[in-house]
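Please open the model in your viewer, keep a cartoon view with side chains ready to switch on, and follow the stops below in order.

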Amino acid sequence: MVPSPVSPLAFRSVTFASSSPTTSFRGSLANYGRSATILHGELYGILVAALFATSSPSTPPLPIYSDHLNAVSVLNDALQHPPLPHSWSSLPARSLYRWILSVLSSSHPSPPLLHIHAHTTATDPASLANHHADHLASSAHNLSIPPPPVPLPTFTMDRFTPYLPPFQYIDSHLPTFLLSLLASHAFYDSSFVPLRTLAPTLYDLHPPPPHPYTRASSSFSAVVQLYTRSAHLPTNLTMATRFQDRSMLCRFHCQSLEDAHHIFVNCPTFQHLWDEYSGSLISEVEGTLMHSILPPSMLEHILSVATHLFRDDSSWPLQSSRFYLGLLPPLLPTTVTYQTLPGTSHRLLSRIACSCHLHAIRLAARIWGSVLRHHLSSSSKPVARGPSTRESLLRDGHLTLPPHLTYLLHI
Ligand SMILES: [Zn+2]
C-alpha cells in the first residue's frame, strides 16, 4: 500500500491484499475517506485472511500470516484475555479488531495467527505468500480500474463514533485529529494574525535588547508592540470592523484606511517624528561603524537599512516596513553569511541591531502616544456645571458607548 501522508487531514489512498492457497483478494479503503490508515489496511488484510481460513474445509484450519507485528500481538493477546473496556477505548481501528476477533472466535479451533517478516529474501511459502500479497496491494494503485472499496464495520464501532465528511467515521486518535483540525482552521483563517504579519525567519535574527521589555518602569513600548502584533491596537480599521460605529479612514484626514501600517509608516502627520528618530539612528550607526573593518559594500548596506528603517523600502522583506512589530530587516546583504565574518563583526552587528531596535520601539511608542493624545483631546468636551445625571450626560453627548453596549444607558 502507499504510505499514508504525515498530516492526518490530507488525502490518502490505502489498498490492501490477502492471499490463500486458492484465492487472492485486494480491496481499497475508499469508504474510510481521509481517516484510512496503514493500520486499517493491515487489519483488513488479516480480516480477509481470517475469512479465508475459517471458510476453508481444511482441518486443522490454515494459519494466518501477517507482517504487522503489533496487530498480531494485540489479536493473540485479546484471544487469550479479552480486553477490558478502557483498553478498547484507546485502541486505534478498534472496530476492525473487534470484527477480526469475532471471526476468529467463531471457529473451533481458531486458526493460528502468526507474524512473518516482510521484505526478506526468504523462499519459504509463508514469506513468498506475504511478498505476493504486498505486491498485489502496491500494484493496485496503478490499475485503471481501482480495486473494490470494502465496507465499513459500523456494527463493531463504538456506540458513539464521530462522523465528519470527508474523514468519515473517526475511530482512531480522536484528540490528535481534533488538534490537527483546529490548527488547520486557525491557519487558513484570514484573521489569524501570525499568518498575516509574522514570518520571523525573513527578518534579522538578533535577539531584541531585554531592557525595554524587562526593566523599563513603564512598558508602553512593549504594550504597543504586543497590541499591534495581536491585531488589538485600536486603530479606526480595527474598531470599525468590530463595532461598525465609525469611519475606517485615518483620523488625521488622510484618504487611507487607518490600520497599524498606515499610522506607523505612511501617515504624514508623523513626518517630524520619523525625521527625528531617523536622524538620531543614522548618527548612532555611523558612530558605531566609524572604526569597523567591514567591507564597504556591507557598510553601505547597513547604512541603507538604518536610513530606511521606518519606511517601506527594498531593504525590508516584501518591501514593507515592520519596525513597529519589533522586527528589523536583515542587517547583512543576502550574499553574506554570519559564519564568514570575524567575531568582532558579530559584536558590531549586535550593537547596531540593538540601536535599530531601541529607536524602532521608541518611535512606535511616540507615534501611538500622539494618536492617543489626539483621540483624548478631540473627544473631551467641557462638562456642564452642577451635578451630572445620566440623562444630562446622555443629552449633552458626554457619555458615549459602542452600539452593542448602548442598551446599558436605558436600563
Ligand atoms: Zn493618516
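**First stop: the β1–β2 hairpin**

Begin by selecting β1, which is mostly covered, since 5 of its 5 residues are buried; a residue is buried if 20 or more other C-beta atoms lie within 10 Å of its own, exposed if 12 or fewer, and partly exposed in between, with C-beta atoms placed from the backbone. This is a predicted model, in which local features need pLDDT of at least 70 and side-chain atom pairs count only at pLDDT 80 or more, while totals for chains, interfaces and linings use all residues. Residues are numbered from 1 along each chain as its sequence is written. Helices (H or I, at least four residues) and strands (E, at least two) are DSSP runs, numbered from the N terminus.

In a regular strand the side chains alternate between the two faces of the sheet. Colour the two sides of β1 separately: Thr 15, Ala 17 and Ser 19 lie on one side, Phe 16 and Ser 18 on the other, and all of them are buried, so that both faces are covered.

Now add strand β2 (residues 24–28), also mostly covered, with 4 of its 5 residues buried. Strand β1 (residues 15–19) and β2 run antiparallel and are joined by 5 bridges; two strands pair if DSSP finds at least two bridges between them. The connection from β1 to β2 is a hairpin of 4 residues. To check the register, look for Phe 16 opposite Gly 27 in β2, and for Ser 18 opposite Phe 25 in β2.

Step back to Ser 13, in the segment before β1, which counts as partly exposed because it has 15 C-beta neighbours inside 10 Å. A distance drawn from the C-alpha atom of Ser 13 to that of Arg 34, 21 residues apart along the chain, should read 8.3 Å.

**Second stop: α2 against α4**

Select helix α2 (residues 69–80) together with helix α4 (residues 94–105), which pack at an angle of about 55° with their axes 11 Å apart. Axes are lines fitted to C-alpha atoms, for helices over the stretch in contact, and angles run from 0 to 180 degrees between N-to-C directions. The two helices, α2 and α4, are therefore oblique to each other, where angles under 35 degrees count as roughly parallel, over 145 as roughly antiparallel, 65 to 115 as roughly perpendicular and the rest as oblique.

Show the side chains of Val 74, Leu 75, Ala 78 and Leu 79 from α2, and of Tyr 97, Ile 100, Leu 101 and Leu 104 from α4, which make the contact; two residues are in contact if their C-beta atoms, placed from the backbone, lie within 7 Å. By class, the contact of α2 with α4 has 8 nonpolar, no polar and no charged residues, where Ala, Val, Leu, Ile, Met, Phe, Trp, Tyr, Cys and Pro count as nonpolar, Asp, Glu, Lys and Arg as charged, and the others, Gly among them, as polar.

**Third stop: backbone details**

Most residues other than glycine have a negative phi, and most peptide bonds are trans. Go to Ala 93, in the loop between α3 (85–89) and α4, where phi is positive, about 55°, although the residue is not a glycine. Ala 93 counts as buried, because 25 C-beta neighbours lie inside 10 Å.

Next, centre on the peptide bond between His 108 and Pro 109, which is cis with omega about -5°; Pro 109 lies in the loop between α4 and β4 (113–115). Another cis peptide bond joins Pro 165 and Pro 166, with omega about 0°, and Pro 166 is in the loop between β5 (163–164) and β6 (168–169).

**Last stop: α12, α13 and the loop beyond**

Select helix α12 (residues 271–289) and helix α13 (residues 296–307), whose axes come within 9 Å and cross at roughly 160°. That makes α12 roughly antiparallel to α13. Their contact is made by Ser 278, Leu 281, Ile 282, Val 285 and Leu 289 of α12 and by Leu 299, Ile 302, Leu 303, Ala 306 and Thr 307 of α13. By class, this contact of α12 with α13 has 8 nonpolar, 2 polar and no charged residues.

Finish at Leu 318, in the loop between α13 and α14 (343–379). Leu 318 has a positive phi of about 65° although it is not a glycine, and it is exposed, with 10 other C-beta atoms within 10 Å.
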